[in-house]
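Me: I would like to learn how to read a protein structure step by step, beginning with a single residue and then moving outwards. Could you take me through it slowly?

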Amino acid sequence: MSTPKENFIRLMRNDNPKWLGDTWDCFNQNPVFRPVLWDAVTLSLGGAQRGQTGVIDAWGVTYDFPEDQPGPFPVVTEEKKVIKDIQHWRDFVTFPSFDNVDWSLPDQMFPNLDRENLLVQFPSLIGMFEFSHYMMGFEDALIYYLTEQESMYDLLSAYTDWKINAAGLVIDHMKPDMIHSHDDWGSKNSLFLSPEVWREMIKPHFARYYGYIKSRGVLIQHHNDSISAPLAKDMVDIGMDMWQGVLPQDNIPEIFEQTEGKLCLMGGFDMGKIDLPVADDALIRSEVRRAIDEYMPLGPYIPCATGIYALHDDVNAIMYDELNRYGAIYAEKHF
(Lines give C-alpha, C1' and ligand atoms only; values in the text may rest on other atoms or scores of the structure.)
Protein backbone atom coordinates (compact mmCIF):
# COMPACT_ATOMS: atom_id res chain seq x y z
CA MET A 1 0.00 0.00 0.00
CA SER A 2 1.47 3.34 -1.00
CA THR A 3 1.80 6.21 1.47
CA PRO A 4 -0.40 9.30 1.01
CA LYS A 5 2.70 11.08 -0.30
CA GLU A 6 3.37 8.39 -2.88
CA ASN A 7 -0.29 8.24 -3.86
CA PHE A 8 -0.47 11.99 -4.51
CA ILE A 9 2.55 11.78 -6.82
CA ARG A 10 0.95 8.81 -8.59
CA LEU A 11 -2.22 10.83 -9.10
CA MET A 12 -0.18 13.76 -10.34
CA ARG A 13 1.52 11.55 -12.90
CA ASN A 14 -1.53 9.41 -13.75
CA ASP A 15 0.59 6.45 -12.66
CA ASN A 16 -1.62 3.76 -11.10
CA PRO A 17 -2.79 5.59 -7.95
CA LYS A 18 -4.37 3.50 -5.20
CA TRP A 19 -7.07 5.81 -3.86
CA LEU A 20 -8.94 9.04 -4.55
CA GLY A 21 -10.32 11.49 -1.99
CA ASP A 22 -9.36 14.71 -0.24
CA THR A 23 -5.81 14.75 -1.55
CA TRP A 24 -4.83 17.72 0.62
CA ASP A 25 -4.65 15.08 3.36
CA CYS A 26 -1.46 13.92 1.62
CA PHE A 27 0.33 17.05 2.88
CA ASN A 28 1.67 18.08 6.25
CA GLN A 29 -0.96 20.49 7.48
CA ASN A 30 -0.97 24.19 8.25
CA PRO A 31 -4.05 25.09 10.34
CA VAL A 32 -4.33 28.36 8.40
CA PHE A 33 -3.63 27.24 4.84
CA ARG A 34 -3.95 23.43 4.91
CA PRO A 35 -1.32 22.04 2.48
CA VAL A 36 1.00 25.07 2.46
CA LEU A 37 3.39 25.54 5.38
CA TRP A 38 5.08 28.87 6.08
CA ASP A 39 8.78 29.19 5.30
CA ALA A 40 11.22 31.56 6.95
CA VAL A 41 11.54 33.95 3.99
CA THR A 42 7.76 34.35 3.64
CA LEU A 43 7.47 35.00 7.38
CA SER A 44 10.24 37.62 7.21
CA LEU A 45 8.34 39.68 4.62
CA GLY A 46 5.45 40.48 6.96
CA GLY A 47 1.90 41.15 5.87
CA ALA A 48 -1.62 41.61 7.14
CA GLN A 49 -3.41 39.10 9.34
CA ARG A 50 -7.18 38.65 9.29
CA GLY A 51 -8.91 41.79 10.58
CA GLN A 52 -5.94 44.09 9.97
CA THR A 53 -5.80 47.06 7.58
CA GLY A 54 -3.04 49.35 6.39
CA VAL A 55 -0.22 46.83 7.00
CA ILE A 56 2.95 47.50 5.00
CA ASP A 57 5.18 44.56 4.07
CA ALA A 58 8.92 44.44 3.38
CA TRP A 59 8.39 45.51 -0.24
CA GLY A 60 6.51 48.61 0.85
CA VAL A 61 3.14 47.30 -0.35
CA THR A 62 0.11 48.17 1.79
CA TYR A 63 -2.45 45.44 2.56
CA ASP A 64 -5.94 45.17 4.00
CA PHE A 65 -7.37 41.87 5.27
CA PRO A 66 -11.04 42.37 6.21
CA GLU A 67 -12.77 39.67 8.22
CA ASP A 68 -15.05 38.75 5.33
CA GLN A 69 -12.30 38.28 2.74
CA PRO A 70 -10.42 35.03 1.96
CA GLY A 71 -7.04 36.71 2.19
CA PRO A 72 -5.10 40.00 2.24
CA PHE A 73 -5.19 42.22 -0.82
CA PRO A 74 -2.97 45.14 -1.85
CA VAL A 75 -4.20 48.70 -1.53
CA VAL A 76 -2.56 50.64 -4.38
CA THR A 77 -3.53 54.30 -4.54
CA GLU A 78 -1.48 57.14 -5.99
CA GLU A 79 -0.10 57.79 -2.51
CA LYS A 80 0.53 54.15 -1.62
CA LYS A 81 1.92 52.74 -4.88
CA VAL A 82 5.57 51.75 -4.51
CA ILE A 83 6.75 52.31 -8.10
CA LYS A 84 5.71 55.77 -9.23
CA ASP A 85 7.80 55.85 -12.42
CA ILE A 86 8.54 52.56 -14.19
CA GLN A 87 11.50 54.01 -16.10
CA HIS A 88 13.18 54.70 -12.76
CA TRP A 89 11.92 51.66 -10.84
CA ARG A 90 15.33 51.13 -9.24
CA ASP A 91 14.81 54.37 -7.31
CA PHE A 92 11.68 52.94 -5.68
CA VAL A 93 12.31 49.22 -5.17
CA THR A 94 14.33 47.86 -2.27
CA PHE A 95 14.79 44.10 -2.42
CA PRO A 96 14.32 42.57 1.03
CA SER A 97 17.50 41.21 2.57
CA PHE A 98 17.86 37.60 3.67
CA ASP A 99 20.37 38.50 6.39
CA ASN A 100 17.89 38.53 9.25
CA VAL A 101 15.70 35.61 8.23
CA ASP A 102 14.97 33.43 11.27
CA TRP A 103 15.24 29.86 10.03
CA SER A 104 14.10 28.47 13.37
CA LEU A 105 10.55 29.85 13.05
CA PRO A 106 9.11 27.16 10.74
CA ASP A 107 10.48 24.42 13.01
CA GLN A 108 8.75 26.09 15.94
CA MET A 109 5.47 26.36 14.02
CA PHE A 110 5.60 22.89 12.47
CA PRO A 111 7.74 20.81 14.85
CA ASN A 112 6.68 17.29 13.88
CA LEU A 113 6.64 17.04 10.11
CA ASP A 114 5.98 13.57 8.74
CA ARG A 115 8.31 13.61 5.78
CA GLU A 116 8.10 9.87 5.17
CA ASN A 117 4.34 9.65 4.62
CA LEU A 118 3.24 13.21 3.79
CA LEU A 119 4.39 15.92 1.38
CA VAL A 120 6.16 19.04 2.64
CA GLN A 121 5.16 22.13 0.66
CA PHE A 122 6.24 25.73 1.13
CA PRO A 123 4.83 28.78 -0.68
CA SER A 124 6.22 30.94 -3.42
CA LEU A 125 3.66 33.71 -3.23
CA ILE A 126 3.31 36.79 -5.46
CA GLY A 127 4.43 35.62 -8.87
CA MET A 128 5.83 37.81 -11.60
CA PHE A 129 2.55 39.28 -12.86
CA GLU A 130 1.11 39.83 -9.40
CA PHE A 131 4.32 41.50 -8.26
CA SER A 132 4.01 44.05 -11.04
CA HIS A 133 0.50 45.18 -10.18
CA TYR A 134 1.09 44.99 -6.41
CA MET A 135 3.95 47.47 -6.83
CA MET A 136 2.30 49.97 -9.16
CA GLY A 137 -1.40 49.19 -9.46
CA PHE A 138 -3.34 47.25 -12.05
CA GLU A 139 -3.91 50.05 -14.53
CA ASP A 140 -0.28 51.19 -14.59
CA ALA A 141 0.96 47.62 -14.91
CA LEU A 142 -1.31 46.77 -17.84
CA ILE A 143 -0.35 49.98 -19.64
CA TYR A 144 3.38 49.49 -19.03
CA TYR A 145 3.27 45.91 -20.33
CA LEU A 146 2.39 47.50 -23.68
CA THR A 147 4.21 50.84 -23.60
CA GLU A 148 7.28 50.36 -21.34
CA GLN A 149 8.27 46.81 -22.07
CA GLU A 150 12.01 47.21 -21.58
CA SER A 151 11.63 48.69 -18.10
CA MET A 152 8.97 46.15 -17.11
CA TYR A 153 11.11 43.28 -18.34
CA ASP A 154 14.12 44.54 -16.37
CA LEU A 155 12.00 44.87 -13.22
CA LEU A 156 10.68 41.32 -13.52
CA SER A 157 14.13 39.97 -14.32
CA ALA A 158 15.50 41.50 -11.11
CA TYR A 159 12.54 40.16 -9.15
CA THR A 160 13.14 36.70 -10.61
CA ASP A 161 16.77 36.88 -9.45
CA TRP A 162 15.49 37.63 -5.94
CA LYS A 163 12.98 34.79 -6.05
CA ILE A 164 15.62 32.31 -7.22
CA ASN A 165 17.83 33.31 -4.29
CA ALA A 166 14.88 32.99 -1.91
CA ALA A 167 13.91 29.58 -3.28
CA GLY A 168 17.48 28.37 -3.01
CA LEU A 169 17.64 29.29 0.66
CA VAL A 170 14.28 27.68 1.41
CA ILE A 171 15.30 24.49 -0.38
CA ASP A 172 18.68 24.42 1.41
CA HIS A 173 17.20 24.93 4.87
CA MET A 174 13.79 23.24 4.65
CA LYS A 175 14.05 20.63 1.93
CA PRO A 176 10.49 20.79 0.57
CA ASP A 177 9.02 18.19 -1.74
CA MET A 178 6.98 20.83 -3.53
CA ILE A 179 6.64 24.59 -4.00
CA HIS A 180 3.16 26.14 -4.12
CA SER A 181 3.68 29.00 -6.55
CA HIS A 182 0.99 31.63 -6.91
CA ASP A 183 0.32 33.89 -9.90
CA ASP A 184 -3.14 34.57 -11.34
CA TRP A 185 -2.97 35.43 -15.05
CA GLY A 186 -6.57 36.34 -15.73
CA SER A 187 -10.11 36.80 -14.50
CA LYS A 188 -12.92 34.25 -14.60
CA ASN A 189 -13.57 35.42 -18.18
CA SER A 190 -10.25 36.14 -19.91
CA LEU A 191 -6.50 36.62 -19.61
CA PHE A 192 -5.21 39.96 -18.33
CA LEU A 193 -2.52 40.04 -21.05
CA SER A 194 -2.74 38.69 -24.56
CA PRO A 195 -0.94 35.35 -24.99
CA GLU A 196 1.65 37.10 -27.16
CA VAL A 197 2.46 39.73 -24.52
CA TRP A 198 2.44 37.11 -21.75
CA ARG A 199 4.92 34.98 -23.68
CA GLU A 200 7.19 37.95 -24.25
CA MET A 201 7.00 39.55 -20.81
CA ILE A 202 6.12 36.84 -18.26
CA LYS A 203 7.07 33.43 -19.64
CA PRO A 204 10.89 33.88 -19.77
CA HIS A 205 11.04 34.73 -16.08
CA PHE A 206 8.94 31.77 -15.00
CA ALA A 207 10.98 29.49 -17.26
CA ARG A 208 14.14 30.62 -15.51
CA TYR A 209 12.60 30.45 -12.03
CA TYR A 210 10.97 27.06 -12.45
CA GLY A 211 14.02 25.74 -14.25
CA TYR A 212 16.04 26.46 -11.13
CA ILE A 213 13.50 24.86 -8.77
CA LYS A 214 13.28 21.74 -10.93
CA SER A 215 17.08 21.54 -11.03
CA ARG A 216 16.94 21.22 -7.23
CA GLY A 217 14.58 18.25 -7.45
CA VAL A 218 11.50 20.08 -6.15
CA LEU A 219 8.02 19.71 -7.67
CA ILE A 220 6.02 22.76 -8.75
CA GLN A 221 2.35 23.30 -8.01
CA HIS A 222 1.25 26.54 -9.67
CA HIS A 223 -1.96 28.12 -8.40
CA ASN A 224 -3.89 30.10 -11.01
CA ASP A 225 -7.66 30.04 -10.67
CA SER A 226 -8.39 32.09 -13.76
CA ILE A 227 -9.05 31.56 -17.45
CA SER A 228 -5.68 30.52 -18.91
CA ALA A 229 -6.27 27.73 -21.42
CA PRO A 230 -4.42 29.63 -24.21
CA LEU A 231 -1.26 29.26 -22.10
CA ALA A 232 -1.58 25.53 -21.36
CA LYS A 233 1.28 24.43 -23.62
CA ASP A 234 3.41 27.24 -22.22
CA MET A 235 2.83 25.88 -18.72
CA VAL A 236 4.44 22.64 -19.84
CA ASP A 237 7.30 24.60 -21.41
CA ILE A 238 8.16 26.43 -18.19
CA GLY A 239 8.24 23.25 -16.12
CA MET A 240 5.00 23.27 -14.14
CA ASP A 241 4.14 19.85 -12.73
CA MET A 242 0.55 20.81 -11.96
CA TRP A 243 -1.84 23.64 -12.60
CA GLN A 244 -3.85 24.02 -9.40
CA GLY A 245 -7.01 26.07 -9.79
CA VAL A 246 -8.08 25.05 -13.28
CA LEU A 247 -11.65 26.21 -13.95
CA PRO A 248 -14.38 24.11 -15.57
CA GLN A 249 -15.12 27.14 -17.79
CA ASP A 250 -11.64 26.75 -19.31
CA ASN A 251 -12.47 23.70 -21.48
CA ILE A 252 -10.58 21.13 -19.42
CA PRO A 253 -10.91 18.30 -22.00
CA GLU A 254 -9.21 20.50 -24.60
CA ILE A 255 -6.40 21.36 -22.15
CA PHE A 256 -5.73 17.65 -21.63
CA GLU A 257 -5.42 17.22 -25.40
CA GLN A 258 -3.07 20.18 -25.74
CA THR A 259 -0.77 19.14 -22.90
CA GLU A 260 -0.64 15.43 -23.83
CA GLY A 261 -0.50 14.20 -20.23
CA LYS A 262 2.50 16.36 -19.37
CA LEU A 263 0.63 18.63 -16.95
CA CYS A 264 -1.51 17.57 -14.01
CA LEU A 265 -4.73 19.59 -13.76
CA MET A 266 -5.92 20.14 -10.19
CA GLY A 267 -9.26 21.78 -9.42
CA GLY A 268 -12.27 21.55 -11.71
CA PHE A 269 -15.07 22.30 -9.25
CA ASP A 270 -17.39 25.14 -10.27
CA MET A 271 -17.04 27.13 -7.06
CA GLY A 272 -19.24 29.98 -8.24
CA LYS A 273 -22.05 27.47 -8.47
CA ILE A 274 -21.60 25.70 -5.13
CA ASP A 275 -19.72 28.05 -2.76
CA LEU A 276 -22.83 29.77 -1.39
CA PRO A 277 -23.58 31.21 2.09
CA VAL A 278 -26.27 28.54 2.54
CA ALA A 279 -24.76 25.22 1.50
CA ASP A 280 -26.84 23.15 -0.92
CA ASP A 281 -25.91 19.58 -0.01
CA ALA A 282 -27.26 17.91 -3.15
CA LEU A 283 -25.79 20.53 -5.49
CA ILE A 284 -22.32 20.32 -3.92
CA ARG A 285 -22.22 16.54 -4.04
CA SER A 286 -23.43 16.51 -7.63
CA GLU A 287 -20.69 18.93 -8.67
CA VAL A 288 -17.99 16.82 -7.03
CA ARG A 289 -19.23 13.71 -8.81
CA ARG A 290 -19.50 15.55 -12.13
CA ALA A 291 -15.88 16.70 -12.00
CA ILE A 292 -14.56 13.26 -11.08
CA ASP A 293 -16.58 11.47 -13.75
CA GLU A 294 -15.76 13.99 -16.50
CA TYR A 295 -12.08 14.67 -15.88
CA MET A 296 -10.51 11.64 -14.21
CA PRO A 297 -10.63 9.50 -17.38
CA LEU A 298 -8.93 12.19 -19.47
CA GLY A 299 -5.45 12.29 -17.94
CA PRO A 300 -3.54 13.36 -14.83
CA TYR A 301 -6.26 15.05 -12.77
CA ILE A 302 -6.78 15.74 -9.06
CA PRO A 303 -10.26 16.99 -8.09
CA CYS A 304 -10.49 19.84 -5.60
CA ALA A 305 -11.76 23.36 -5.03
CA THR A 306 -10.06 25.78 -7.39
CA GLY A 307 -8.95 27.95 -4.46
CA ILE A 308 -7.87 24.94 -2.35
CA TYR A 309 -10.95 25.32 -0.14
CA ALA A 310 -14.34 27.01 -0.26
CA LEU A 311 -15.04 30.34 1.39
CA HIS A 312 -17.82 28.83 3.52
CA ASP A 313 -17.09 26.16 6.13
CA ASP A 314 -20.32 24.24 5.53
CA VAL A 315 -19.49 23.99 1.83
CA ASN A 316 -16.02 22.67 2.64
CA ALA A 317 -17.43 19.99 4.94
CA ILE A 318 -19.86 18.67 2.34
CA MET A 319 -17.46 19.03 -0.59
CA TYR A 320 -14.62 17.08 0.98
CA ASP A 321 -16.95 14.52 2.52
CA GLU A 322 -18.33 13.76 -0.93
CA LEU A 323 -14.86 13.77 -2.43
CA ASN A 324 -13.83 11.06 0.05
CA ARG A 325 -17.09 9.13 -0.29
CA TYR A 326 -17.43 9.17 -4.07
CA GLY A 327 -13.67 9.13 -4.57
CA ALA A 328 -13.54 5.74 -2.83
CA ILE A 329 -16.32 4.43 -5.07
CA TYR A 330 -14.57 5.69 -8.19
CA ALA A 331 -11.20 4.29 -7.14
CA GLU A 332 -12.66 0.85 -6.44
CA LYS A 333 -14.13 0.75 -9.95
CA HIS A 334 -11.25 2.25 -11.90
CA PHE A 335 -7.93 1.96 -10.03
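Me: Which residues is Tyr 145 in contact with, leaving aside its neighbours within four places in sequence?

Reply: Bear in mind that this is a predicted model. A contact here means heavy atoms within 4.5 Å, and on that basis Tyr 145 is in contact with Met 128, Phe 129, Ser 132, Met 152, Leu 156, Leu 193, Val 197, Met 201 and Ile 202. Tyr 145 has its place in helix α5, and with 0% relative accessibility it counts as buried, since buried means under 20% relative accessible area.

Me: Which residues of helix α5 are buried, and where do they sit around the axis?

Reply: The general idea is that an α-helix has 3.6 residues a turn, so residues three or four places apart point the same way. In this case the buried residues of α5, which covers residues 138–147, are Ala 141, Tyr 144 and Tyr 145. They cover an arc of only 105° around the axis, which puts them on the same side of α5. On the other side of α5 you will find Glu 139, Leu 146 and Thr 147, which are exposed.

Me: What covers the buried residues of α5?

Reply: The cover includes three helices, namely α4 (128–136), α6 (149–174) and α7 (195–201).

Me: Is Thr 23, in the loop between α1 and α2, buried or exposed?

Reply: A loop residue has to be judged by its accessible area, and Thr 23, in the loop between α1 (4–13) and α2 (40–45), is buried, with a relative accessible area of 1%. Apart from neighbours within four places in sequence, Thr 23 is in contact with Phe 8, Leu 11, Met 266 and Ile 302.

Me: How should I read Leu 283, at 24% relative accessibility?

Reply: Values between the cut-offs of 20% and 50% are called partly exposed, and therefore Leu 283, at 24%, counts as partly exposed. Leu 283 is in helix α12, residues 281–295, and it touches Lys 273 and Ile 274, if residues up to four places away in sequence are not counted. As for distance, the C-alpha atoms of Leu 283 and Thr 259, which are 24 residues apart along the chain, are separated by 31 Å.

Me: What is there to notice about phi in Lys 175 and Glu 260?

Reply: Most residues other than glycine have a negative phi. Lys 175, however, has a positive phi of about 50° although it is not a glycine, and phi of Glu 260 is near 55°, again a positive value in a residue other than glycine. Lys 175 is found in the loop between α6 and β5 (178–182), whereas Glu 260 lies in the loop between α10 (252–259) and β8 (264–268). Lys 175 counts as exposed at 53% relative accessibility, and Glu 260 counts as exposed at 58%.

Me: How many helices and strands does the protein have, and how does its radius of gyration agree with that of a compact globule?

Reply: The secondary structure comes to 13 helices and 9 strands. For 335 residues, a compact globule would have a radius of gyration near 20 Å, and the protein has 20 Å, which agrees. Buried residues make up 54% of the 335 residues, and among contacts between residues at least 6 apart in sequence, 67% join residues at least 24 apart.

Conventions
Residues are numbered from 1 along each chain as its sequence is written. This is a predicted model: local features need pLDDT of at least 70, side-chain atom pairs count only at pLDDT 80 or more; totals for chains, interfaces and linings use all residues. Side-chain values use heavy atoms; hydrogens and water are left out. Helices (H or I, at least four residues) and strands (E, at least two) are DSSP runs, numbered from the N terminus. The radius of gyration is taken over C-alpha atoms; the globule rule is 2.2 Å times the number of residues to the power 0.38. Buried means under 20% relative accessible area, exposed over 50%, partly exposed in between (1.4 Å probe, protein chains only). The arc is that of the directions from the helix axis to the C-beta atoms.
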